[in-house]
Amino acid sequence: MHGENPSKHHVSFVSAQYAFLDPRRVIAEDRSHSQEERRFYCIGRVGEGILTVRFTYRGNIIRIYGAGYWKKGRKIYEEENKIYG
């Protein structure tokens with residue numbers, strides 16, 4: 001495991017990759033990020049939860065730099081997929 005994400009959010013980068021496999025995933029740009037590199041969120045179902053993965057593109061490669069089970073990501077996922085509970 002690389003970086004502090006697994007210890008901070010209890011999500012490994014290996015597990016985070018599965019959010020991209022959800023056919024109902026939501027991809028959104030992180031417009032609050034002020035650096036030159038464009039950053040994005042992938043919000044998708046992994047197991048029983050909705051996982052938010054922060055990532056960027058480096059050439060043709062997706063570079064994950066953070067992931068967690070966040071309420072805001074779950075809300076966006078449910079709104080985009082018309083899920084109400």
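Biologist: Which residue in the turn between strand 2 and strand 3 has a positive phi?

Modeller: A good place to begin, with the reminder that this is a predicted model. To read a hairpin, look at the two strands and then at what links them. Here strand 2 and strand 3 form a hairpin with two residues between them, and glycine 47 in the turn has a positive phi of about 65°.

Biologist: What about the hairpin of strand 3 and strand 4: which glycine takes a positive phi there?

Modeller: That is glycine 59, with a phi near 70°. This hairpin, too, has two residues between the strands.

Biologist: Let me step back. How many helices and strands does the protein have, and in what order do the elements run?

Modeller: Count the elements, then walk from the N terminus. The protein has three helices and four strands, and the walk reads α-α-β-β-β-β-α.

Biologist: What is the order of the strands in the sheet?

Modeller: For a sheet, ask about order, direction and edges. This open sheet of four strands has the order 1-2-3-4, with antiparallel pairing. Strand 1 (26-29) and strand 4 (61-68) are the edge strands, each pairing on one side only. On average, neighbouring strands of the sheet are turned by 30° against each other, direction ignored.

Biologist: How many bridges join each pair of strands?

Modeller: Going across the sheet, strand 1 and strand 2 (residues 39-46) pair over four bridges. Eight bridges join strand 2 to strand 3, and seven join strand 3 to strand 4.

Biologist: Which residues could I follow across the sheet?

Modeller: Try a path of partners. Isoleucine 27 has cysteine 42 in strand 2 as its bridge partner. Cysteine 42 in turn stands opposite valine 53 in strand 3, and valine 53 stands opposite alanine 67 in strand 4.

Biologist: Which helix packs on the sheet, and which strands does it touch?

Modeller: Helix 3 (residues 71-80) does, touching strand 1, strand 2 and strand 3. The direction of helix 3 makes about 75° with that of strand 2.

Biologist: Now the interior. Which residues have the most contacts inside the largest nonpolar core?

Modeller: To read a core, find its best-connected members and then the elements that supply it. The largest nonpolar core has 13 residues, and those with the most contacts inside it are Ala16, Leu51, Val53 and Ile64. Helix 2 (13-16), strand 2, strand 3 and strand 4 each supply at least two residues of this core. Beyond its neighbours within four places in sequence, valine 53 is in contact with residues including Ala16, Phe20, Phe40 and Ile64.

Biologist: Is strand 3 mostly covered or uncovered?

Modeller: Mostly covered: seven of its ten residues are buried. Across the protein, buried residues make up 38% of the 85 residues.

Biologist: Why does threonine 56 count as buried?

Modeller: The cut-off is under 20% relative accessible area. Threonine 56 counts as buried because its relative accessibility is 0%. This residue is found in strand 3 (residues 49-58).

Biologist: Which backbone oxygen does the side chain of threonine 56 reach?

Modeller: With a polar side chain, look for a partner atom. The side chain of threonine 56 reaches the backbone oxygen of arginine 38 at 2.6 Å. Leaving aside neighbours within four places in sequence, threonine 56 is in contact with Glu37, Arg38, Arg39, Ile61, Ile62, Arg63 and Tyr65.

Biologist: Finally, how much surface does the protein expose?

Modeller: About 6100 Å², with carbon and sulfur atoms supplying 49% of it.

Note on methods. Residues are numbered from 1 along each chain as its sequence is written. This is a predicted model: local features need pLDDT of at least 70, side-chain atom pairs count only at pLDDT 80 or more; totals for chains, interfaces and linings use all residues. Side-chain values use heavy atoms; hydrogens and water are left out. Buried means under 20% relative accessible area, exposed over 50%, partly exposed in between (1.4 Å probe, protein chains only). A polar contact is a pair of N or O atoms within 3.5 Å; within protein, one must be able to donate a hydrogen and the other to accept it, and residues adjacent in sequence count only if both atoms are side-chain atoms. Contact means heavy atoms within 4.5 Å. Two strands pair if DSSP finds at least two bridges between them. Axes are lines fitted to C-alpha atoms, for helices over the stretch in contact, and angles run from 0 to 180 degrees between N-to-C directions. A nonpolar core is a set of buried Ala, Val, Leu, Ile, Met, Phe, Trp, Tyr and Cys residues joined through side-chain atoms within 4.5 Å. Accessible areas come from the Shrake-Rupley method with a 1.4 Å probe; for residues, only the protein chains shown count as cover.
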